[in-house]
Amino acid sequence: TIATMGDTTLRDGQADFIRPHYYASHTVLVGPRSVPVSGFKDVAGRTVCVTVGDASNPELSAHGARLLLFASPEQLIEELHAGACTLVGQDDSFFARYFAEPGFAALYDVKFAFAPLPWGMAVAKVGAGKLARALSLMSEIFHRDGVFLALARENHISTVFLGGREAVWRTKACDRAGGASDAACVLPPRVSDVAPTRFAHAVEALQAWLAGTLGLHLTLTIFTIEPAWQLVREGIVNSLILIAGTLVSTFGFALLFGRALSARTVLARWPARTLVMMLQSTPPLLSLVIAAAVADAMFAFSARVALTAAIVAIGMINGGNAGQAISEAVASLRAEDKARPAGQAPRHGQNLYAHALRRSITQINAFLINATKATPVASFIGAPELLNTLTDSTSFSSDRVTTYWLLLIFYVVAVLVVVQLCVVLRGVLERRISAT
């Protein structure tokens, strides 16, 4: 293999890498010149477009970046031009030919570089010893005589690494037959080993059983690598917080809007009606973005702020609709009481609002369920819920099919639980009305 392959400790166990390395690169973040990003402190909460399986993805994820995954580096450039990606991450060598174009260089710049990665040719572990030796000697000579350096200059590639390597291989200590095995002359592979989960062997055994018995080939990397599993755990916890908060928010706004919309005074009724109409006329995603922008203007961005903004926005959208259903139920009950024969007391009396809640409970339940199903949209504003963290976890591997099946199962179960909670809510209202 001779194709921009980074030498990492994980890959070192799978192939025989040729040393000395013929090049080295960094991962760089590229974006519009107007975007103020200068280090990892500025990427938390931002969406960064990367390619699936890139060795630097875990580092970006660890610093709070939300990763948007693509199959090829060329797609990153397309999305950058289209405005879908504000920041893209890839090897600096990949961007070299683009920055050679004046138009590209005028629009975009390198924000910062990280994760140095030596590149190596590689041969099979078995049966390629002579080829490995020949390639190693060629690499030594090409460094010493400036062949690699001349090729880089000819093709407008950064020469910082190669200039330093040329100086190293011109020394007597390295320019010798055993130089390629001297740690002082060659670079070590980049450490890329990740800790396995406690149950990784069980998961691998399950994968083997499914493949051998059922012919079902599943890749469950997110359950075998500790960093990926940690992301999944955090996503599940945050999603449960988001769902619980959204349910409370939706029901609370429903009661609030229901009261305001059914008020007898115009000063209370019309502002509420105007706000509900605005919520109903605005695309939910836009409402979420507006809530996030307001929260971002008031507080420093954090996972807690993003979750809170999503809870409030989703709660207001669905609570406004549920509140309108309550107010319509109040209006119908008042009309029934007004139509009663003269001299008869109103049927619903002091329990008018409770009766209205019972009459509109089907609509309220529907909007509570709708709010639950809407929570994954919070990933759009950087809330670290399950959709976002599962997307990040796929940066460790390309098992996206399994990942999104997991997401589907999680939300199906969540909605079923909410449906049961709605049944409980209906029962509580029934008992309260019966008691009075």
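Why does Phe299 count as partly exposed? Its relative accessibility is 48%, so Phe299 falls in the partly exposed class (buried is under 20% relative accessible area, exposed over 50%, partly exposed in between, with a 1.4 Å probe and protein chains only).

The model is predicted: local features need pLDDT of at least 70, side-chain atom pairs count only at pLDDT 80 or more, and totals for chains, interfaces and linings use all residues. Residues are numbered from 1 along each chain as its sequence is written, and side-chain values use heavy atoms, with hydrogens and water left out.

**Stop 1: the surface patch**

Select Phe299 in the loop between helix H12 (284-298) and helix H13 (303-338). Helices here are DSSP runs of H or I with at least four residues, numbered from the N terminus. Then add Leu285, Leu286, Val289, Ile290, Val294, Met298, Val377 and Phe380; with Phe299 they make a nonpolar surface patch of about 810 Å². A patch takes residues with over 30% relative accessible area and no salt bridge, and nonpolar side chains are joined within 5 Å. A salt bridge is a side-chain nitrogen of Lys or Arg within 4 Å of a carboxyl oxygen of Asp or Glu. Accessible areas come from the Shrake-Rupley method with a 1.4 Å probe.

Next, pick Val289 in H12, which counts as partly exposed because its relative accessibility is 33%. Val289 touches Phe380 and Ile381, leaving aside residues up to four places away in sequence (contact means heavy atoms within 4.5 Å). A distance label from the C-alpha of Val289 to that of Ala378 should read 9.2 Å, across 89 residues of chain.

**Stop 2: the nonpolar cores**

Select Ile326 and Ile364, which touch the most other members of the largest nonpolar core, a set of 34 residues. Such a core is a set of buried Ala, Val, Leu, Ile, Met, Phe, Trp, Tyr and Cys residues joined through side-chain atoms within 4.5 Å. Two or more residues each come from helix H10 (226-261), H13, helix H14 (352-359), helix H15 (361-374), helix H16 (386-393) and helix H17 (400-435). H17 gives the largest share, eight residues. Around Ile364, show Phe251, Ala322, Ile326 and Leu357, its contacts beyond four places in sequence. Another core of 16 residues lies apart from this one, and includes Leu242, Ala309, Ala313 and Ala371.

**Stop 3: helix H7**

Move to H7 (residues 147-154) and select the buried Phe148, Leu149 and Ala152. Viewed down the axis of H7, its buried residues fall within an arc of 100°, so they line one face of the helix; the arc is that of the directions from the helix axis to the C-beta atoms. Their cover includes helix H6 (129-144) and helix H8 (160-169). Arg153 and Glu154, on the other side of H7, are exposed. End at His156, just after H7, where phi is positive at about 60°.

Notes
Patches are made of residues with over 30% relative accessible area and no salt bridge: like charges are joined within 9 Å, nonpolar side chains (Val, Leu, Ile, Met, Phe, Trp, Tyr) within 5 Å.
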